[in-house]
Amino acid sequence: MKQIFPKDLITTQEWDKPALDVVIQLAERFRTERLAGILHNNLLPARTLYSIFYNPSTRTRTSFMSAMTQLGGETHTLNPSGLQESIGEVIKDTAGVLSRYGDAISVRYCFTKEAYGDGNKVLRTYAKESSVPVINMECDTYHPCQVLADWQTIKQRFGENLKGKKITISWAYGKYIRPVAVPQSLVLMMSRLGMDVTLAHPEGFDLDQKIIRQAETNTTLADGSFEIVNDMDEGFKDAHVVYPKNWGPLAAMPDMAKAAEMQEPFKHWKATVKRMKLTRPNGIYMHCLPVDRGLEVEDKVIDGPQSAVMDQAENRLHVQKALLTLLINNRG
Ligand code: CP
């Protein structure tokens with residue numbers, strides 16, 4: 001059988017669409033079968049995932065742990081401060097050794113306090129030096145597991161064919177300055193689904209221009225549309241999906257004081273009940289979480305009927321079960 005899955009998942013952009021379709025189909029099957037009480041613990045029995053977190057996490061950490069448990073395997077969550085890497089061992093040696101003991105490695109390295117791109121380099125080093133699959137649990141450039149769960153969520157609400165559906169990925173003011181990984185992965189993934197993608201942000205909060213060019217190419221190939229606006233209301237107007245969240249201005253990063261100063265004039269960039277009325281009657285509010293309640297979004301929106309945030313969080317489990325199964329079991 002032709003091997004359609006690459007060894008690693010660093011960004012969805014490096015996977016063919018048919019392989020991504022299989023992930024989403026299997027994730028949805030896992031979701032519905034779990035509702036029926038069907039177990040999946042015969043899929044990865046006695047398999048081990050090493051999960052390395054250089055940054056905090058709630059959803060990613062626990063959903064990967066639950067995923068491996070439900071598949072019959074186990075997760076060892078490794079804190080870098082407890083590894084020899086913290087006193088000088090190189091990633092090549094860590095990755096090589098873990099590859100001899102385990103069946104997959106997942107890594108989060110999404111610091112905003114380092115030069116943009118350094119996090120992605122760490123992920124790519126793990127992938128190069130590991131003989132087992134490496135899954136990106138968010139670097140400073142991409143968050144592939146999140147956007148696959150987001151795609152599953154949008155599909156649950158709007159069906160298989162997302163052509164002509166408008167999604168607006170918008171900047172929002174927040175106390176904690178977040179990486180650009182989620183908005184960048186969103187514009188890349190949603191543009192491949194033929195959606196009408198709007199990116200809304202204040203001037204100065206542009207995403208990586210290389211990613212924007214890739215999204216434009218994706219849009220042409222999938223026959224969708226892509227626009228960038230500097231007005232949150234314009235972005236929300238007639239949207240089927242709005243995804244407002246904070247990210248730091250790449251022009252200032254990693255200078256956090258400068259980044260904080262740059263976002264001060266834009267406190268009004270918030271998902272409000274009033275703004276949600278601009279969306280379609282069946283429009284939904286999405287956020288990957290964690291969220292700064294009261295700053296990025298009003299409680300009445302995130303806790304209201306248009307909110308899909310808990311479905312998004314749940315779908316992380318199903319998508320990662322699918323990824324782990326396919327990557328570990330389908331290695332030729
Ligand atoms: N969405 C997400 O990645 O959440 P965590 O940072 O809690 O893992």
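Colleague: Which residue in β9 is the bridge partner of Val242?

Modeller: The partner is Tyr285. The model is predicted, so to speak of local features requires pLDDT of at least 70 and side-chain atom pairs count only at pLDDT 80 or more, whereas totals for chains, interfaces and linings use all residues. Residues are numbered from 1 along each chain as its sequence is written, and side-chain values use heavy atoms, with hydrogens and water left out.

Colleague: What makes β8 and β9 a pair?

Modeller: A strand is a DSSP run of E with at least two residues, numbered from the N terminus, and two strands pair if DSSP finds at least two bridges between them. Strand β8 (residues 241-245) and β9 are joined in the parallel sense by 2 bridges, so the pair meets the criterion.

Colleague: Why are β7 and β9 called edge strands?

Modeller: Their open sheet has 5 strands in the order β7-β6-β5-β8-β9, with parallel pairing. β7 (225-229) and β9 (284-285) each have a single partner strand, so one side of each lacks a neighbour in the sheet.

Colleague: Which strands stand at the edges of the sheet β2-β1-β3-β4?

Modeller: This open sheet of 4 strands also has parallel pairing. β2 (74-78) and β4 (134-139) stand at the edges, because each has a single partner strand. From one strand to the next, the twist averages 15°. Strand β3 (residues 104-109) pairs with β4 over 4 bridges, and Ser106 stands opposite Ile135 in β4.

Colleague: What is the angle between helix α4 and β4?

Modeller: Helix α4 (residues 118-129) runs at about 170° to β4 and lies across β1 (48-53), β3 and β4. Such angles run from 0 to 180 degrees between N-to-C directions, with axes fitted to C-alpha atoms, for helices over the stretch in contact; contact means heavy atoms within 4.5 Å. A helix is a DSSP run of H or I with at least four residues.

Colleague: What makes a space in this structure a cavity?

Modeller: On a 1 Å grid over the protein atoms alone, a cavity is a set of points where a 1.4 Å probe fits but cannot get out; lining residues have an atom within 4 Å of a point. The structure holds 1 cavity of 30 Å³ or more, and about 90 Å³ of space lies in the largest cavity. Volume here is the space filled by probe spheres set on the points.

Colleague: Which domains supply its lining?

Modeller: At least three lining residues come from each of domain 1 (12-142 + 316-329) and domain 2 (146-312), whose bounds come from an automatic or database domain assignment. The lining residues include Phe111, Asp140, Arg178 and Met253.

Technical notes
1 Å grid on protein atoms, 1.4 Å probe; cavity = no way out; pocket = protein on both sides within 12 Å on 5 of 7 lines; lining within 4 Å.
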